[in-house]
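Subject: Structure for your review

Dear colleague,

Please find below the structure that I agreed to hand over to you. I would be grateful if you could read the notes that come after it with the model open.

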Amino acid sequence: MRRTSFYKCLITFSLLFTVATVNAQTVQWDSTYRPGKYVELVKKFKDDPKSKKDIVFLGNSITAGTDWAKLLDLPQAKNRGISGDITFGVLDRLQDVIDGKPSKVFILIGINDISRNIPDSIILRNYKLMVARIRKGSKKTRIYFNTLLPVNSSFAKFKNHYGKDEHIIYLNEEIRKLNAKNVTVVDLYPVFSDQDKHLRAELTKDGLHLIPAGYEVWSAFLKKSGYLK
């Protein structure tokens with residue numbers, strides 16, 4: 001009896017240890033994270049006059065890093081980028097964009113989600129939610145969804161963003177499928193990739209963000225592809 005009890009205890013302990021180990025290895029992620037200036041910028045965006053002629057650029061620091069109206073020579077272009085933002089943050093502030101009934105909205109978001117270990121399936125779900133909500137709330141708004149840009153780890157500055165290329169590639173494959181939902185896919189990834197599928201070094205300052213030359217490439221691509229007409 002004692003030996004049987006001993007083995008039962010041993011098995012129970014082994015099971016508990018296994019569960020604890022699995023839980024310890026589970027990657028944690030947080031949907032509630034918002035950048036430090038999030039509230040301030042959301043208020044600023046809400047206070048900004050809106051027009052049905054607006055062309056809204058919605059995203060994170062990569063979107064926030066330029067003056068779109070000046071870059072594209074389009075006074076109606078509105079920058080709605082917030083540095084550090086994730087898909088959940090975009091969803092939280094999306095209604096303000098929808099309420100403005102803009103003519104077009106360009107979306108680029110997700111690289112910070114990847115860096116924060118938010119699962120690909122959740123990011124993709126959030127993409128589809130964005131499309132569905134815009135479709136429902138502003139039927140005439142044309143949706144342009146950008147594929148994610150590559151990163152370049154040789155700069156060794158944003159380590160949480162590096163070594164996760166497979167997530168970028170997978171999400172881009174899924175974004176391209178949004179074409180079937182009458183969403184225009186703006187495929188930026190090959191435009192900014194070098195032969196090793198890294199962000200072109202001459203277009204970035206840190207392996208993640210673009211320098212003015214990078215935005216010029218972006219602008220030229222949008223114009224050449226007819227997305228601004």
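The notes below describe the sheet, the aromatic residues, one helix and two loop residues.

Please bear in mind throughout that this is a predicted model.

The sheet

The model contains an open sheet of 5 strands, paired in parallel and arranged in the order β2-β1-β3-β4-β5. The edges are formed by β2 (77-81) and β5 (184-186); each has a single partner strand, so one side of each is left without a neighbour in the sheet. On average, and with direction ignored, neighbouring strands are turned by 20 degrees against each other. At the β5 edge, the pairing with β4 (residues 142-146) is parallel and runs over 3 bridges. Within that pairing, Phe 145 has Val 185 of β5 as its bridge partner.

Aromatic residues

Across the whole structure, the search returned 11 aromatic pairs. In one of them, Tyr 127 and Phe 145 have ring centres 4.9 Å apart and planes at 65 degrees; as planes over 60 degrees apart count as edge-to-face, the pair is classed as such. Because Tyr 127 belongs to helix α7 (residues 120-137) and Phe 145 to strand β4, this contact ties together parts that are 18 residues apart in sequence. Tyr 127 and Phe 145 are both buried. Phe 145 therefore appears twice in these notes, as the bridge partner of Val 185 and as a member of the edge-to-face pair with Tyr 127.

A further edge-to-face pair is made by Phe 192 and Trp 218, at 6.4 Å centre to centre and with 80 degrees between the planes. Phe 192 is in helix α9 (residues 189-192) and Trp 218 in helix α10 (residues 212-225), so that the pair links distant parts of the chain, 26 residues apart. Both Phe 192 and Trp 218 are buried. These two residues also belong to one aromatic cluster, whose other members are Phe 57, Trp 68, Phe 106, Tyr 144, Tyr 215, Phe 221 and Tyr 227.

Two arginines lie over tyrosine rings. Arg 116 is placed over the face of Tyr 33, at 3.4 Å from the ring centre. Arg 34 is placed over the face of Tyr 38, at 5.8 Å from the ring centre.

Helix α5

Helix α5 (residues 87-99) has 13 residues, which at 1.5 Å a residue should span 18 Å; the end C-alpha atoms are 19 Å apart, in agreement with that value. The helix nevertheless has a kink of about 45 degrees, centred on Arg 93. Helix α5 is mostly covered, with 10 of its 13 residues buried. Arg 93 itself is among the buried residues, as are Asp 96 and Thr 87. Others in the buried group include Phe 88, Val 90, Leu 91, Leu 94, Val 97 and Ile 98.

Two loop residues

Which residue in the loop between α5 and β3 (104-108) deserves a look? It is Lys 101, whose phi is near 50 degrees, a positive value in a residue other than glycine. Lys 101 has 35% relative accessibility and so counts as partly exposed.

Asn 117, in the loop between α6 (111-115) and α7, is likewise not a glycine and has a positive phi of about 65 degrees. With 35% relative accessibility, Asn 117 counts as partly exposed.

Yours sincerely

Methods:
Residues are numbered from 1 along each chain as its sequence is written. This is a predicted model: local features need pLDDT of at least 70, side-chain atom pairs count only at pLDDT 80 or more; totals for chains, interfaces and linings use all residues. Side-chain values use heavy atoms; hydrogens and water are left out. Two strands pair if DSSP finds at least two bridges between them. Helices (H or I, at least four residues) and strands (E, at least two) are DSSP runs, numbered from the N terminus. Axes are lines fitted to C-alpha atoms, for helices over the stretch in contact, and angles run from 0 to 180 degrees between N-to-C directions. Rings of Phe, Tyr and Trp (its six-membered ring) pair if their centres lie within 6.5 Å; planes under 30 degrees apart count as stacked, over 60 as edge-to-face and the rest as tilted. Buried means under 20% relative accessible area, exposed over 50%, partly exposed in between (1.4 Å probe, protein chains only). A charge sits over a ring if NZ of Lys or CZ of Arg is within 6 Å of the ring centre and within 35 degrees of the ring normal. The expected span of a helix is 1.5 Å times one less than its number of residues. The bend at a residue is the angle between axes fitted to the seven residues ending there and the seven starting there.
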